[in-house]
Amino acid sequence: MGLRHAAIALVLAAAMPGFAAQEDASATGEVRKVDKAAGKIILKHGEIRSIGMGPMTMVFAVKPPALLDKVAVGDKVKFRAAVENGDYVVTALEKAK
């Protein structure tokens with residue numbers, strides 16, 4: 001990316017909150033546990049820049065819970081996470097290709 005393009009990206013990011021985060025909104029990880037009854041998943045994941053989180057293994061709520069039907073323990077996944085009322089929530093989830 002040239003200097004001109006970098007400057008344009010910075011202007012757009014400042015003018016449109018969330019612009020930069022949307023470019024990086026998805027993360028990758030591995031499913032460690034699925035709890036369909038509770039609507040939760042444990043993921044070992046890399047950095048999630050969109051919510052400022054480093055790599056770790058943690059529990060996420062999943063909305064909608066039907067997303068859990070697509071994955072099983074051991075699957076490599078691609079997902080999106082958000083913070084809702086102080087809770088970390090997976091809002092999109094699919095097996096990695």
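Exposed here means a relative accessible area over 50%, buried means under 20%, and partly exposed covers the range in between. The legends below apply these words to a predicted model.

**View 1. The loop residue asparagine 85 is exposed.** Asparagine 85 sits in the loop between β4 and β5, the latter covering 87-95. Its relative accessibility is 81%. That value is over the 50% cut-off, so asparagine 85 counts as exposed. The backbone deserves a look too. Asparagine 85 is not a glycine, yet its phi is positive, at about 55°.

**View 2. The whole chain holds 2 helices and 5 strands.** Starting at the N terminus, the order of elements is α-α-β-β-β-β-β. Of the 97 residues in the chain, 25% are buried. The accessible surface amounts to about 6300 Å². Carbon and sulfur atoms supply 56% of that surface. Contacts with a separation of 6 or more were also sorted by sequence distance. Among them, 45% link residues 24 or more positions apart.

**View 3. Five strands close into a barrel.** The strand order in the barrel is β1-β2-β3-β5-β4. Pairing is mixed. On average, neighbouring strands of this sheet are turned by 55° against each other, with direction ignored.

**View 4. Strands β2 and β3 form an antiparallel pair.** β2 spans residues 40-45, and β3 spans residues 56-62. The two are joined over 6 bridges. Lysine 40 faces alanine 61 of β3 across this pair.

**View 5. Histidine 45 is a buried residue of strand β2.** The relative accessible area of histidine 45 is 4%. This is under the 20% cut-off, so histidine 45 is classed as buried. Its surroundings are listed here without neighbours within four places in sequence. Histidine 45 contacts Thr28, Gly29, Met53, Gly54, Pro55, Met56, Met58, Phe60 and Phe79.

**View 6. Glutamate 30 makes salt bridges to arginine 32 and to lysine 76.** In the bridge to arginine 32, the closest N and O atoms are 3.8 Å apart. In the bridge to lysine 76, the closest N and O atoms are 2.9 Å apart. This second pair links distant parts of the chain. Glutamate 30 belongs to strand β1, residues 26-35, and lysine 76 to strand β4, residues 76-84. The two partners are 46 residues apart. Glutamate 30 has a relative accessible area of 21% and is partly exposed. Arginine 32 is partly exposed at 39%. Lysine 76 is partly exposed as well, at 48%.

**View 7. Arginine 49 pairs with glutamate 47 in a salt bridge.** The closest N and O atoms of this pair lie 3.4 Å apart. Arginine 49 is exposed, with a relative accessible area of 56%. Glutamate 47 has 46% and is partly exposed. Elsewhere, Glu30, Arg32 and Lys76 are joined into one network by salt bridges that share partners. The count of salt bridges comes to 6.

**View 8. A cis peptide bond joins lysine 63 and proline 64.** Omega at this bond is about 0°. Proline 64 is located in the loop between β3 and β4.

**View 9. Confidence is lowest in helix α2 and highest in strand β2.** Helix α2, residues 19-23, has a mean pLDDT of 43. Strand β2 reaches a mean of 98. Residues 15-24 have pLDDT below 50. Beyond near neighbours in sequence, that stretch makes 7 contacts in the model. For the chain, the mean pLDDT is 83. A value of 70 or more is reached by 74% of the residues.

Key:
Residues are numbered from 1 along each chain as its sequence is written. This is a predicted model: local features need pLDDT of at least 70, side-chain atom pairs count only at pLDDT 80 or more; totals for chains, interfaces and linings use all residues. Side-chain values use heavy atoms; hydrogens and water are left out. Helices (H or I, at least four residues) and strands (E, at least two) are DSSP runs, numbered from the N terminus. Buried means under 20% relative accessible area, exposed over 50%, partly exposed in between (1.4 Å probe, protein chains only). Contact means heavy atoms within 4.5 Å. Accessible areas come from the Shrake-Rupley method with a 1.4 Å probe; for residues, only the protein chains shown count as cover. Two strands pair if DSSP finds at least two bridges between them. Axes are lines fitted to C-alpha atoms, for helices over the stretch in contact, and angles run from 0 to 180 degrees between N-to-C directions. A salt bridge is a side-chain nitrogen of Lys or Arg within 4 Å of a carboxyl oxygen of Asp or Glu. pLDDT is the predictor's confidence in each residue, from 0 to 100.
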